[in-house]
Amino acid sequence: MFSGSYMFMEASAPRKPGDVAELYNDQIKLTADSCLSFWYHMYGRDIGSLAVYNTTNPTPKLLWAQSGDKKNNWLNARVSDMV
């Protein structure tokens, strides 16, 4: 059985171009074998981008990114090599 949490970010009105939503968790301790798995839905002509960063170092490291319309589908992403 799976367990976890979810976060919802509304991308349509009243959102405006340039709006940013950020999720931080300083309780997770990353190790060499850490992995992040999540589902995402990016549908519509005004969809921006979604990115995962490791911000444990002074310079954030981009780990994964998608942008633009991905059709009306829920997609699964898995990010490894987290450190």
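**View 1. Polar contact between serine 34 and threonine 31 in the predicted model.** A polar atom of the serine 34 side chain lies 2.7 Å from the backbone nitrogen of threonine 31. Serine 34 belongs to the segment that precedes β1. With a relative accessible area of 14%, serine 34 falls under the 20% limit and therefore counts as buried. Beyond its neighbours within four places in sequence, serine 34 is in contact with Lys29, Val79, Ser80, Asp81 and Met82. Two of these partners, Val79 and Met82, also appear in the core of View 2.

**View 2. The largest nonpolar core and the surroundings of phenylalanine 38.** The core comprises 10 residues, namely Phe38, Tyr40, Met42, Ile47, Val52, Leu63, Trp64, Ala77, Val79 and Met82. At least two residues of this core come from each of the strands β1 (36-40), β3 (61-67) and β4 (75-79). When residues up to four places away in sequence are set aside, phenylalanine 38 touches Leu50, Val52, Trp64, Leu75, Asn76, Ala77 and Val79. Among these, Val52, Trp64, Ala77 and Val79 are themselves listed as members of the core.

**View 3. Antiparallel pairing of β2 and β3.** Strand β2, spanning residues 49-54, runs antiparallel to β3 and is joined to β3 by six bridges. Serine 49 is placed opposite serine 67 of β3. The connection from β2 to β3 is a hairpin of six residues.

**View 4. Lysine 71 in the loop between β3 and β4.** Lysine 71 has a phi near 70 degrees, a positive value in a residue that is not glycine. Most residues other than glycine have a negative phi. The relative accessible area of lysine 71 is 53%, over the 50% limit, so this residue counts as exposed.

**View 5. A salt-bridge network formed by Arg15, Lys16 and Asp19.** The salt bridges number two. In one, the side chains of arginine 15 and aspartate 19 meet with an N to O distance of 3.1 Å. In the other, lysine 16 pairs with aspartate 19, and the closest N and O atoms are 3.9 Å apart. Aspartate 19 thus takes part in both bridges. Side chains of opposite charge can pair when their charged atoms come close. Arginine 15 is partly exposed at 43% relative accessibility, as is aspartate 19 at 36%, whereas lysine 16 is exposed at 53%.

Notes:
Residues numbered from 1 in each chain as written. Predicted model: local features only at pLDDT ≥ 70, side-chain atom pairs only at ≥ 80, totals over all residues. Heavy atoms only, no water. Core = buried A, V, L, I, M, F, W, Y, C linked by side-chain atoms within 4.5 Å. Buried < 20%, exposed > 50% of the residue type's maximum accessible area, 1.4 Å probe, protein only. Helix = DSSP H or I, 4+ residues; strand = E, 2+ residues; numbered from the N terminus. Contact = heavy atoms within 4.5 Å. Pairing = 2+ DSSP bridges. Polar contact = N/O pair within 3.5 Å; in protein donor to acceptor, adjacent residues only side chain to side chain. Salt bridge = Lys/Arg side-chain N within 4 Å of Asp/Glu carboxyl O.
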